Each structure stands twice: as C-alpha cells, then as structure tokens.
Amino acid sequence: MTITKTNEDGKITLALDGWLDTASSPELGKEIDAIKEAKSIVLDFDKVEYIASSGLRQVVACHRKAKEIGAWFSVVNAGTEIASIFRLTGLDKKIIITEK
C-alpha cells in the first residue's frame, strides 16, 4: 500500500492506494501517530481495494487521534464494498464516511 500525505493549512489528508491489511496497517499507524496537530484528518479511500480487520482498527485509531487533538475526521471516497463493511461493523454510525 502507498500512503500520500498532504497538509493544506492544517487539513491533513492521507490518500491510501492498495490493500489496507495486516501487512500495511502498521504503516498507516505510523502516519497516524506522527500527527501532532491538525484542523481535520481525512482518510481518502479512493484507491483502497480491500480492508481487513487490522485496517478497520487503524481507521478507529485515526478517529481517536482526531478526537484527542480536537480535529474533525472523515473517510471519503469509500468504494461500495468497503462502505458496506463500514455499515456492517457499525462504524458508519460513529464516523463520517462518504462513498464514491
């Protein structure tokens, strides 16, 4: 998986490309841990093909980080299958998730 990080005036976007699974989740975790302040944190799932439970844990960790630093948080561009996983797990009730 590739992560592209942009920071535009405190709006941090992490654009993910590939599979968010056991092998790649630690990389996302490091990016999340490195965020010390932000107005908002956005995970862009436009190019995410698959998400495993370890990836879901990182999404929750990012949500917690945003709350901790007082930032707004959302997941954008989730594909139909990934959005259905968010609904199945109930995360769509706690996190702002927009589909493609």
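Biologist: What radius of gyration would a compact globule of 100 residues have, and what does the protein have?

Modeller: This is a predicted model, so every value here is computed from predicted coordinates. The globule rule is 2.2 Å times the number of residues to the power 0.38. For 100 residues that puts a compact globule near 13 Å. The protein has 12 Å, so the two agree. The C-alpha atoms fill a box of roughly 30 × 25 × 20 Å along the principal axes.

Biologist: What share of the 100 residues is buried?

Modeller: Buried means under 20% relative accessible area. By that cut-off, 46% of the residues qualify. The accessible surface comes to about 5700 Å², and 50% of it belongs to carbon and sulfur atoms.

Biologist: Which elements make up the protein, and in what order do they run?

Modeller: There are three helices and five strands. From the N terminus on, the order is β-β-α-β-α-β-α-β.

Biologist: What makes β1 and β2 a pair?

Modeller: Pairing takes at least two bridges between the strands. Strand β1 (residues 2-8) and strand β2 (residues 11-20) have seven, in the antiparallel sense. T2 stands opposite D17 in β2, for example. The two strands form a hairpin with two residues between them. In that turn, D9 has a positive phi of about 55 degrees.

Biologist: How many bridges join β2 to β3, and are the strands parallel or antiparallel?

Modeller: Nine bridges join β2 to strand β3 (residues 40-51), and the strands run parallel. G18 has V48 in β3 as its bridge partner.

Biologist: What is the hand of the β-α-β unit made by β2, α1 and β3?

Modeller: The test looks along strands that point away from the viewer; a clockwise path from the first strand over the helix to the second is right-handed. The unit of β2, helix α1 (residues 25-34) and β3 is right-handed.

Biologist: What span should the 17 residues of α2 have, and how far apart are its end C-alpha atoms?

Modeller: The expected span is 1.5 Å times one less than the number of residues. For helix α2 (residues 53-69) that gives 24 Å. The end C-alpha atoms are 25 Å apart, so the span agrees. Just after α2, G70 takes a positive phi of about 75 degrees.

Biologist: Which elements do the buried residues of α2 pack against?

Modeller: They pack against β2, α1, β3, β4 (72-78) and α3 (80-89). The buried residues of α2 include L56, V59, C62 and A66. H63 and K65 are also among them.

Biologist: What share of the contacts with a separation of 6 or more joins residues 24 or more positions apart?

Modeller: The share is 63%. A contact here means heavy atoms within 4.5 Å.

Key. Residues are numbered from 1 along each chain as its sequence is written. This is a predicted model: local features need pLDDT of at least 70, side-chain atom pairs count only at pLDDT 80 or more; totals for chains, interfaces and linings use all residues. Side-chain values use heavy atoms; hydrogens and water are left out. Helices (H or I, at least four residues) and strands (E, at least two) are DSSP runs, numbered from the N terminus. Buried means under 20% relative accessible area, exposed over 50%, partly exposed in between (1.4 Å probe, protein chains only). Accessible areas come from the Shrake-Rupley method with a 1.4 Å probe; for residues, only the protein chains shown count as cover.
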